[in-house]
Amino acid sequence: MIRAAARALAAAALAMTAACGESALFGPPTEASCPPGSTLTWDSFGQAFMTRYCTRCHARTLTGADRQGAPSFHDFDTVFGVRAVRVHIDETSAAGPAAVNTSMPPDGERPSMAERLQLGEWLACQAP
Ligand code: HEC
């Protein structure tokens, strides 16, 4: 009886550790929306944002240790690379009415709240 309870507790603790590890990287969707007439595009916003905060790790030109652990196929030096993982970028880096996600970038210069809100809007517009 006691042993079963102890096992259940241990399992619960493990599950919590796993959940916390996950939530450290991915937050909830920001639920940002695309306002009519949004002016944010790759040229006016996305490229400069990614270059300033992301592409020192997430770029096609980087391999091996130079990626500093950034996973393959998460390359933000082109708009196509961004669109391919748009939802995950929202869940790690953007801000909106439902969440402010700040796990990326993991170090160095961080985007301002205004910039994270713009990122959420641009992604919600399908990253034009
Ligand atoms: C210092 C290097 C570095 C910078 C800069 C950086 N990242 Fe990351 N990124 C990582 C690492 C390392 C991981 C893997 C983290 C993990 O698995 O816990 C990661 C993971 C991610 C993931 C999740 C990938 C998956 O597993 O699906 C996304 C999305 C992401 N980064 C987006 C961004 C965005 C957007 C920026 C810029 C705002 C950014 N990152 C800046 C290193 C970086």
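Start with the whole protein chain: 26% of its 128 residues are buried (20 or more other C-beta atoms, placed from the backbone, lie within 10 Å of the residue's own). This is a predicted model, where local features need pLDDT of at least 70, side-chain atom pairs count only at pLDDT 80 or more, and totals for chains, interfaces and linings use all residues. To find your way, count residues from 1 along each chain as its sequence is written.

Now switch to cartoon view. You'll see 5 helices and 0 strands (DSSP runs, numbered from the N terminus: H or I of at least four residues for helices, E of at least two for strands).

Next, select helix 2 (residues 42–53) and helix 5 (residues 113–124). Their axes, which come within 11 Å, cross at roughly 120°; axes are lines fitted to C-alpha atoms over the stretch in contact, with angles from 0 to 180 degrees between N-to-C directions. Helix 2 and helix 5 are therefore oblique to each other (not under 35 degrees, over 145, or 65 to 115).

Show the side chains where they meet: F45, G46 and F49 of helix 2 touch E115, Q118, L119 and W122 of helix 5 (contact means C-beta atoms, placed from the backbone, within 7 Å).

Last stop: the ligand. Which residues come nearest? Pick out C54, C57, G69, M104 and P105, from the 20 residues around the ligand. Then select helix 4 (residues 86–93), which supplies the largest share of this shell, 4 residues.

Technical notes. Two residues are in contact if their C-beta atoms, placed from the backbone, lie within 7 Å. A residue is near a molecule or strand if its C-beta atom, placed from the backbone, lies within 6 Å of it. A residue is buried if 20 or more other C-beta atoms lie within 10 Å of its own, exposed if 12 or fewer, and partly exposed in between; C-beta atoms are placed from the backbone.
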